[in-house]
Amino acid sequence: GLLDARNVTAARRRGRLDMTDDARALDALVQRARASTPDGADAVRQLRNLCVDAEGPAAPFTKTPRGAMLVALISVVVRNVGLQDKVGALRALSLLKANDDALRRAARAGAVPALAQRLRDEDGAGRTSADAARALGAMASSSDVCQMMIRSGVLGNLSEACARAASEETGEASETARFAADALRRLSGRSDAYDSRALFPISSDPSALDLTTESAVRSVVEVLMSEATVAHGEASAALGRIASSGATGRRAVARCGAVLPLVTAALGGERQRNASLAALRSVAGVDAGASAMNGTTQNDGWYSDSDSASARRDREELTMAEKLANANGTASSLGGLNFFHDMIDLLSSLLELRHSLEPAAADAALALWALAWQPSNREHMTNRVTARLMALAREGCATSRDDALSVLSVLALDEGGREAIHAQTGGAKLLDYLQGSEGNSPRAFDGETVEMSFDELIERRSPLGDLEKSSTGLSAAVSRMHCA
């Protein structure tokens, strides 16, 4: 039997591929895809759609260094929140990962050799070969399927597609070649280096001191992200020392992807937490002991060794009602009763950084995206970060804009968030944009919209499906926005 189109539509609406309903129908679809006929081309397109759905909405971004940092942060957050907030954190984590089971089912049904066979089909504009290459790239989002693909010899098919494009010497890469190159990148496990200057262009060239300091920061960040947890406290302290050393050090820490690992490290032990918070404050330009929002000293704000005993006493003296509230969804206490809320306030201050410090603002937006999925955090941040996120989206580069919009799309899930967005200049149009595009997830570099201003982007009304065109696999929506 043929794969019922209604089942395909239902599977795509769920946002994940589910092959368990009719395995024989999947086998039949793969057999159809082998034929060099119009029906075979349609079957390849269906396989592409199903595999891209199983790949997940943010798989290409997750493969980048910033994406890996975000996954690491959410994984730690899941272990440090109450039950209700844990559901939101797990939902955010699921949006960043592929559906391995579904992709393995497709591979076991013989989709890999069938698609590899169709890479040579150049019907019309090469649509079928491009569909086949894109489907193979999506399947390579699963590490298990990657091994199956390598053993099946698909490496030769993909490299041949790239070689054909290179031999044409046109200067333009075909869609098939771009998708094939992306599939090869995923098969190899290669992750492009964190190139802050490509993601966040600046007008001035770096000095020799800039490059030396940035090299040191990148090395420390690698230690902070490593399995050597015994060194995480010292690595956090090292970043703090560099960030507080002056303009060059602060700029290097802001530009080299330190913010997300520091937020993750702040969820660790007390010494590590204090060092991480101190480093983040140095990047943000916030004085120690001062609230990121209003500059006043907070007894339950940022914690030093001198008040750690008081913080421990606070945790021990929780009333039963407070403990129950914590278990039912309030962010867990780390160093004080309102740790996550205070972290949100500090991240909010980072959102204001611009020019050479702007990468830290974008990374702060990603951290807020991870925290925004917990109801208690979302309620706290709505009136604290919305205006600053709007400003970052309007004033920042394309990377910063997309990261800010990803947070706003999560805030727009609640009526309070929609009201806060609507109150901003251009807020009504932004809500229309979020509703029409079904939201925005953290994404890899978006070549199509990089030249658009914020106002031009929110005027855009094209379906989100049209964005899935480049070999980077632009992310689909993280969720359907329930905008009023």
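Q: What makes Trp369 count as buried?
A: In this predicted model, Trp369 has a relative accessible area of 0%. Buried means under 20%, so Trp369 passes that cut-off.

Q: And how do you know that Trp373 is buried or exposed?
A: Go by the same kind of value: Trp373 comes out at 3% relative accessibility. The limit is under 20%, so Trp373 counts as buried.

Q: How many aromatic pairs turn up in the whole structure, and what makes Trp369 and Trp373 one of them?
A: The search finds two aromatic pairs. For Trp369 and Trp373 the ring centres are 5.7 Å apart, and a pair needs centres within 6.5 Å, so these two rings qualify.

Q: Why is the pairing of Trp369 and Trp373 called edge-to-face?
A: Look at the angle: there are 80° between the planes. Over 60 degrees counts as edge-to-face, so the label follows.

Q: What about Phe339 and Phe340, how do you know which kind of aromatic pair they form?
A: Their rings sit 5.5 Å centre to centre, with 75° between the planes. The distance is within 6.5 Å and the angle is over 60 degrees, so this pair is edge-to-face too. Phe339 and Phe340 are both buried.

Q: Which residues touch the most other members of the largest nonpolar core?
A: Trp369 again, along with Leu239 and Leu430. That core has 87 residues, and its largest share, eleven residues, comes from helix 22 (residues 358-372). In general, nonpolar side chains in soluble globular proteins tend to be buried together.

Q: Which residues does Leu239 touch, once those up to four places away in sequence are set aside?
A: Leu239 touches Val217, Val220, Val221, Leu224, Val253, Ala258, Leu262 and Ala279. Apart from this core lies another one, of 41 residues, including Leu26, Val44, Ala114 and Leu136.

Q: Now the charged side chains. Why is the contact between Asp131 and Arg48 called a salt bridge?
A: The N to O distance is 2.8 Å. A salt bridge needs the side-chain nitrogen within 4 Å of a carboxyl oxygen, so Asp131 and Arg48 make the cut. The count of salt bridges comes to 22.

Q: What makes the Asp131 and Arg48 pair a tie between parts of the chain?
A: Asp131 lies in helix 9 (residues 127-139) and Arg48 in helix 3 (residues 38-55), so the pair joins parts that are 83 residues apart in sequence. Asp131 and Arg48 are both buried.

Q: How do you know that Glu55 and Arg186 form a salt bridge?
A: Their closest N and O atoms are 2.6 Å apart, and the limit is within 4 Å, so the pair counts. This pair links distant parts of the chain, with Glu55 in helix 3 and Arg186 in helix 12 (residues 175-188), 131 residues apart. Glu55 and Arg186 also belong to a salt-bridge network with Arg134, Asp182 and Arg185.

Q: Are Glu55 and Arg186 buried or exposed?
A: Glu55 has a relative accessible area of 2%, while Arg186 has 6%. Buried is under 20%, so Glu55 is buried, and so is Arg186.

Q: What makes Asp101 partly exposed?
A: Its relative accessible area is 40%. Buried would be under 20% and exposed over 50%, so Asp101 falls in between. The Asp101 side chain meets that of Arg104 in a salt bridge, 2.3 Å from N to O. Because Asp101 and Arg104 are three residues apart in helix 7 (residues 100-108), about one helical turn separates them.

Q: Why is Glu214 called buried?
A: With a relative accessible area of 2%, Glu214 is under the 20% limit, so buried is the right word. Glu214 sits in helix 14 (residues 208-225) and, leaving aside neighbours within four places in sequence, contacts Arg197, Ala252, Arg255 and Cys256.

Q: Finally, how many helices and strands does the chain have, and where does the pLDDT fall below 50?
A: The chain has 27 helices and zero strands, and 54% of its 484 residues count as buried. Mean pLDDT is 76, with 73% of residues reaching 70 or more. The pLDDT is below 50 over residues 1-20, and stays under 50 over residues 461-484.

Notes:
Residues are numbered from 1 along each chain as its sequence is written. Side-chain values use heavy atoms; hydrogens and water are left out. A nonpolar core is a set of buried Ala, Val, Leu, Ile, Met, Phe, Trp, Tyr and Cys residues joined through side-chain atoms within 4.5 Å. Buried means under 20% relative accessible area, exposed over 50%, partly exposed in between (1.4 Å probe, protein chains only). Helices (H or I, at least four residues) and strands (E, at least two) are DSSP runs, numbered from the N terminus. Contact means heavy atoms within 4.5 Å. Rings of Phe, Tyr and Trp (its six-membered ring) pair if their centres lie within 6.5 Å; planes under 30 degrees apart count as stacked, over 60 as edge-to-face and the rest as tilted. pLDDT is the predictor's confidence in each residue, from 0 to 100.
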